[in-house]
Every structure is written in C-alpha cells, then in structure tokens.
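Grab a pencil and work through these exercises one at a time. Try each task yourself before you read its solution.

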Amino acid sequence: MNASEVLERSETVSSVQAEALAGLLGVEPPVGQLPETWHWVYFMERRPHIDLGPDGHPSWGVPAPPGEGRKRMYAGGRIVHHDLLLLDEPATRTTRVARSVEKDGRSGPMTLVTVRHEIVQSCRVVIVDEQDIVYLTPTGAVRQRRGSLDLPPAQVDRQPALDLKVDEALLFRFSALTYNAHRIHYDHAWAAHEGYDDLVVHGPLQALMMSELLRRFGGGLLGQQLNYRLVAPMVGPQTLRVVPDAAGLEHGVEVLDVHGTVTARATLEPAETD
C-alpha cells in the first residue's frame with residue numbers, strides 16, 4: 001500500500017446520478033444542489049475488471065489490501081460538508097491514504113486504513129470525507145440473525161423515523177450506483193464464504209439513511225461533521241429503520257435491523273474551521 005499515492009478524478013456532478021439515487025430512496029430528485037452525503041454516487045474509480053480480486057474489490061490501488069485473503073469491512077467515517085455541491089457543474093475529488101494502523105484484534109491481526117477524500121468545486125473545498133476500512137483475518141460465521149422482508153420493521157417508539165425496504169434488487173442497485181463490486185452484497189455463495197448467513201446490507205447505505213434523517217428532520221449537516229460507525233452487520237433483505245438516539249435527535253441517530261439490533265450510529269458536531 002503506497003501511503004503517498006494521490007488519486008485525482010474530475011467529472012460533472014450530473015443530475016442523472018442524483019435522479020437514480022432519488023429513485024432508489026423513493027424521494028423527488030434534487031434541483032440545483034446535491035443533498036448531503038449523496039456525493040457517494042459520484043467520482044467512482046472505474047477500474048478494469050481484470051484488476052478485481054476474488055471478493056470483487058480492486059486488488060491494488062488506494063487503498064490496496066495489506067495481504068491476500070484478508071476480509072474487508074467498512075467500519076465508519078467522518079464527513080464535513082462546508083457547502084452543497086452544485087448539480088451539472090464540474091468538480092474534482094482527490095483521494096489518499098491518511099492513516100494505516102496494524103492492530104491485534106479478537107480474530108487475529110487486523111489493519112485499519114483511513115482513506116481521505118476532498119472534493120473541490122469552484123476552487124474551494126466543499127466536502128471532506130474520511131472513510132475507515134478494516135482488513136481482517138478470515139474467521140468463521142458472523143452469527144448475526146438474518147432479516148426477512150416478511151417481518152415488520154423494529155418497533156421502536158422514537159420519532160421522527162425513516163424506514164427503507166431493502167430487498168435483493170435494492171442491494172444490487174445500490175452496488176451499481178456506487179460501483180461497489182464486493183460480492184457479499186449480491187452473491188449468496190460468496191457471502192457464506194465470508195461467514196455471513198445471507199447478503200449483507202451496505203454500510204454506506206445505512207450511513208446515507210442516517211444522514212437523510214438528520215437532513216430532513218434535524219438542523220441539516222452544513223458546517224457540521226457527521227461521525228458514523230458500523231457496530232454490527234445487517235444481514236438479509238429486510239426493512240431497516242432509522243431513529244433518533246435514545247437521548248433525542250440532537251444527540252444522534254441509530255439504524256435498527258428488524259430484530260431491533262443497532263447496526264450503525266451517527267452523531268453531529270461543529271466542523272473545525274481554518
């Protein structure tokens with residue numbers, strides 16, 4: 001892994017991708033500006049298929065797996081929105097490895113890699129996005145209860161709440177929108193190979209839904225740092241529910257699977273200014 005390598009990608013923030021994501025979420029397409037966190041469907045590194053490893057992720061690049069056979073997991077991250085991206089205007093994203101730390105976890109050696117993205121539009125930094133990725137030594141079954149579309153969403157008496165029906169088609173479409181070929185999201189055999197009982201619901205999709213709750217019902221994300229982390233796998237098609245933290249929306253938000261297990265959490269704090 002080359003920690004000094006920097007990737008740069010420029011493209012127009014097309015309203016086409018925004019329309020596609022709006023359709024997936026069941027909301028009206030945005031006009032003029034891109035909502036917070038929707039930048040995840042832009043600036044994709046479209047690598048040749050030959051570059052992919054057995055799990056569907058690129059076998060080299062930024063970041064590069066620290067070794068063969070390591071299981072990749074999305075752990076969380078931090079996003080600062082200084083402003084909203086303008087639709088149908090050009091922008092540039094730079095990407096680099098900010099940190100790489102070797103640790104000993106319960107399942108053996110692990111590598112925590114933080115990838116930092118900066119998005120510039122009209123000569124100023126609009127978004128700073130840090131993503132934490134963990135590479136684990138393969139182990140046995142995850143032993144997380146699988147979901148079912150036949151079960152109602154978790155009944156938690158906290159409002160406001162957002163529900164999203166996540167079936168196989170939605171998992172496939174979100175993988176396509178984010179150019180994410182990780183096979184745990186659409187390939188049952190590979191999900192079992194990595195120790196899951198069913199397809200895995202994307203961590204970024206859960207983070208996006210937490211952002212949506214804060215955007216629609218809170219004070220918004222501009223000038224704030226969104227801190228989020230994935231705390232448990234969400235396994236199997238189901239209706240996920242996003243609710244305020246037990247202390248209230250101003251304190252944070254959570255994602256619940258159909259069994260009421262918290263799978264992701266997020267908080268907001270004022271962003272640091274230069």
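**Exercise 1. Place Leu249 in the chain and describe its surroundings.**

Start with the address: Leu249 sits in strand S9, residues 248-256. Strands here are DSSP runs of E with at least two residues, helices are runs of H or I with at least four, and both are numbered from the N terminus.

A quick word on what you're looking at: this is a predicted model, where local features need pLDDT of at least 70, side-chain atom pairs count only at pLDDT 80 or more, and totals for chains, interfaces and linings use all residues. Residues are numbered from 1 along each chain as its sequence is written, and side-chain values use heavy atoms, with hydrogens and water left out.

Next, is Leu249 buried or exposed? Its relative accessible area is 16%, so Leu249 is buried. (Buried means under 20% relative accessible area, exposed over 50%, and partly exposed in between, using a 1.4 Å probe and protein chains only.)

Now look for its partners. Skipping neighbours within four places in sequence, Leu249 is in contact with Pro160, Leu213, Leu214, Phe217, Gly218 and Pro244. Contact means heavy atoms within 4.5 Å.

Finally, check Gln159: 90 residues separate it from Leu249 along the chain, but their C-alpha atoms are separated by 8.6 Å.

**Exercise 2. Find the unusual backbone geometry.**

Keep the general rule in mind: most residues other than glycine have a negative phi, and most peptide bonds are trans.

Step one is the peptide bond between Gln159 and Pro160, which is cis, with omega about 0 degrees. Pro160 belongs to the loop between S5 and S6, and it's one of the contacts of Leu249 from the previous exercise.

Step two is Thr37. It isn't a glycine, yet its phi is positive, about 75 degrees. You'll find Thr37 in the loop between helix H1 (15-25) and strand S2 (71-81). With a relative accessible area of 1%, Thr37 is buried.

Step three is Asp88, another non-glycine with a positive phi, near 60 degrees. Asp88 lies in the loop between S2 and strand S3 (90-105). At 43% relative accessible area, Asp88 is partly exposed.

**Exercise 3. Work out where Gly147 is and what it touches.**

Gly147 is in the loop that links strand S5 (124-136) and strand S6 (162-166). Its relative accessibility is 9%, so Gly147 counts as buried.

Which residues does Gly147 touch, not counting those up to four places away in sequence? They are Val235, Gly236, Pro237, Gln238, Val258 and His259.

Compare that with Val126: this residue is 21 positions from Gly147 in sequence, and their C-alpha atoms are 37 Å apart in space.

**Exercise 4. Describe the largest nonpolar core.**

Here a nonpolar core is a set of buried Ala, Val, Leu, Ile, Met, Phe, Trp, Tyr and Cys residues joined through side-chain atoms within 4.5 Å. The largest one has 46 residues, and Met210 and Leu240 touch the most other members. Helix H4 (residues 203-217) gives the largest share, 7 residues.

Zoom in on Leu240: beyond four places in sequence, its contacts include Leu162, Leu164 and Val166, as well as Met209 and Val255.

**Exercise 5. Step back to the whole chain.**

Count the elements: there are 4 helices and 10 strands. Of the 274 residues, 51% count as buried.

Last, sort the contacts with a separation of 6 or more: 73% of them join residues 24 or more positions apart.
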